[in-house]
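Thanks, everyone. Please have the sequence and the structure open while I talk.

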Amino acid sequence: MVKITDVARHAGVSPSTVSYALSGKRPISDDTRQRVEASIRELGYRPHAGARALASNRSNVLALVVPLRAGIHVPVVMQFAVSVVTTARQYDHDVLLLTQEEGEEGLSRVADSALVDALIVMDVQLHDPRLALLRSLERPSVMIGFPLEPAGLTCVDLDFKAAGELCVEHLARLGHRAVALVGSPPEVYVRQTAFAQRVVEGFTAAADRNGMVSSVHPCEADPAAARAAAERLLREQPALTGVVVHNEAVLEPLVEAFEQLGLRIPGDLSVTAICPDELAGSLRLPVTSVAVPSAELGERAVQLLMRKLNGSDSVPEATLLPPRLTDRGSTAPRDAL
């Protein structure tokens, strides 16, 4: 194992100079710093985590707060988590994953401890009870999601309102006049989870703008609920020709239910979704979709957080990724009658 004394000997400096180069506690010349950094790279030296923490007053650990509440689709959440962990390692940070319901008290406990340097918060609600605390914490934070009042916070997310609009505009251009949104489980809307509410907002606004008949249907995340939703839609909207699905767990069983009820996709019914690309593209019938860029969002969240930790005064409060729609053949023109 390479020690700090090995680095000092290789760079031709004292061990204390190597320590100062790592901690920044005392100024050293640029030439000396470069020699030390070159030796660190060449020898593969990695400072002990405890020593780094003592030197910098940091733990080099980020907290990822993602309460696994009812209605959350865990596989997609884990995609976010993997991206956060992978990106954090690039900055020599580890991640503490907090999956319990961490309200104000829980966040205070974590933030007041020496366990973490900063927080990434997910499953953001429009009227999130954690906002006041996050604004007051000395430790920096980034939210993956946008509350109704994001002022004073750093937020990053897909523009879910624009995603809902994009799906409807795509169907409108194909001539569809009656559309439905099969959305998240009911409890997600009861909590006023921000991303789900914004999809509904965008879907409804675009349908109204195009003079389309539209409806919104929350759906539990299981195949039986998908079958019931398909039957209800066809019963209540016999003129229905376009469906937007914002519920990863029911996308495949919903498509299968429509086919079992005698509909051809896209001949009789055009289907779009808001979901990860890998899901939409891997189905037996690939689905035209707006991507949920979980990898990019996790990466952006860590990058913003590291800029805040390093004292940057140019960190944007709002980062909204524009939606991108990929046509996979599950939508087709519908003659307007």
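Let me start with charge. The chain carries 33 positive and 41 negative charges. Their mean positions lie 5 Å apart. One caution before I go on: this is a predicted model.

Now, how do those charges pair up? Across the whole structure, a search turns up 15 salt bridges. I'll take three.

Begin with R89 and D94. They form a salt bridge, with 3.0 Å between the closest N and O atoms. Is D94 buried, exposed or in between? D94 is partly exposed, at a relative accessible area of 41%. R89 is partly exposed too, at 35%.

Stay in that stretch for a moment. D92 has a positive phi, near 60 degrees, and D92 is not a glycine. D92 belongs to the loop between helix 5, residues 74–90, and strand 2, residues 94–98. With a relative accessible area of 21%, D92 counts as partly exposed. The cut-off for buried is under 20%, so D92 falls on the partly exposed side.

Second salt bridge: E165 and R209. Here the N to O distance is 3.6 Å. This pair links distant parts of the chain. E165 sits in helix 8, residues 160–173, and R209 in helix 10, residues 194–209. That puts the two 44 residues apart. E165 is buried, with a relative accessible area of 18%.

And this pair has company. Which residues join E165 and R209 in a network of salt bridges? K161 and E169 do. The four are linked together.

Helix 8 and helix 10 come up again with the aromatics. How many aromatic pairs does the structure hold? One. The rings are those of F160 and F195. Their centres are 5.5 Å apart and their planes stand at 45 degrees, so the pair is tilted. F160 is in helix 8 and F195 in helix 10, 35 residues apart. This pair, too, links distant parts of the chain. The two rings' residues differ in cover: F160 is buried at 8% relative accessible area, whereas F195 is partly exposed at 28%.

So look at helix 8 against helix 10. The salt bridge of E165 and R209 joins them. The aromatic pair of F160 and F195 joins them as well.

Just ahead of helix 10 there is a backbone point to note. Q192 has a positive phi, near 55 degrees, and Q192 is not a glycine either. Q192 lies in the loop between helix 9, residues 186–190, and helix 10. Q192 is partly exposed, with a relative accessible area of 32%.

Third salt bridge: E259 and R284. The closest N and O atoms are 2.4 Å apart. E259 is in helix 12, residues 251–260. R284 is in the loop between helix 13, residues 277–282, and strand 10, residues 288–291. The two are 25 residues apart in sequence, so the pair ties those parts together. E259 is partly exposed, at 28% relative accessibility. R284 is exposed, at 57%.

Let's stay on helix 12. Which of its residues are buried? L251, P253, L254, V255, A257 and F258. What covers them? The cover includes strand 6, residues 178–183, and helix 11, residues 223–236. Strand 8, residues 242–245, is also part of it, along with strand 9 and helix 13.

Now follow the chain out of helix 12. G262 comes after the helix, with a positive phi near 95 degrees. Further along, where is the cis peptide bond? A cis bond joins I265 and P266, with omega about 10 degrees. P266 lies in the loop between helix 12 and strand 9, residues 270–275.

Last, step back to the whole chain. There are 14 helices and 12 strands. The C-alpha atoms fill a box of roughly 85 × 40 × 35 Å along the principal axes. Of the 337 residues, 49% are buried. The exposed area is about 15,500 Å², and carbon and sulfur atoms supply 53% of that. Then contacts: take those with a separation of 6 or more. Residues 24 or more positions apart account for 72% of them.

That's my tour. Over to you for questions.

How values were computed
Residues numbered from 1 in each chain as written. Predicted model: local features only at pLDDT ≥ 70, side-chain atom pairs only at ≥ 80, totals over all residues. Heavy atoms only, no water. Helix = DSSP H or I, 4+ residues; strand = E, 2+ residues; numbered from the N terminus. Buried < 20%, exposed > 50% of the residue type's maximum accessible area, 1.4 Å probe, protein only. Contact = heavy atoms within 4.5 Å. Areas by Shrake-Rupley, 256 points an atom, 1.4 Å probe, with all protein chains shown as cover. Lys, Arg positive; Asp, Glu negative; His and termini not counted. Charge placed at Lys NZ, Arg CZ, Asp CG, Glu CD. Salt bridge = Lys/Arg side-chain N within 4 Å of Asp/Glu carboxyl O. Phe/Tyr/Trp six-rings, centres within 6.5 Å; stacked < 30°, edge-to-face > 60°.
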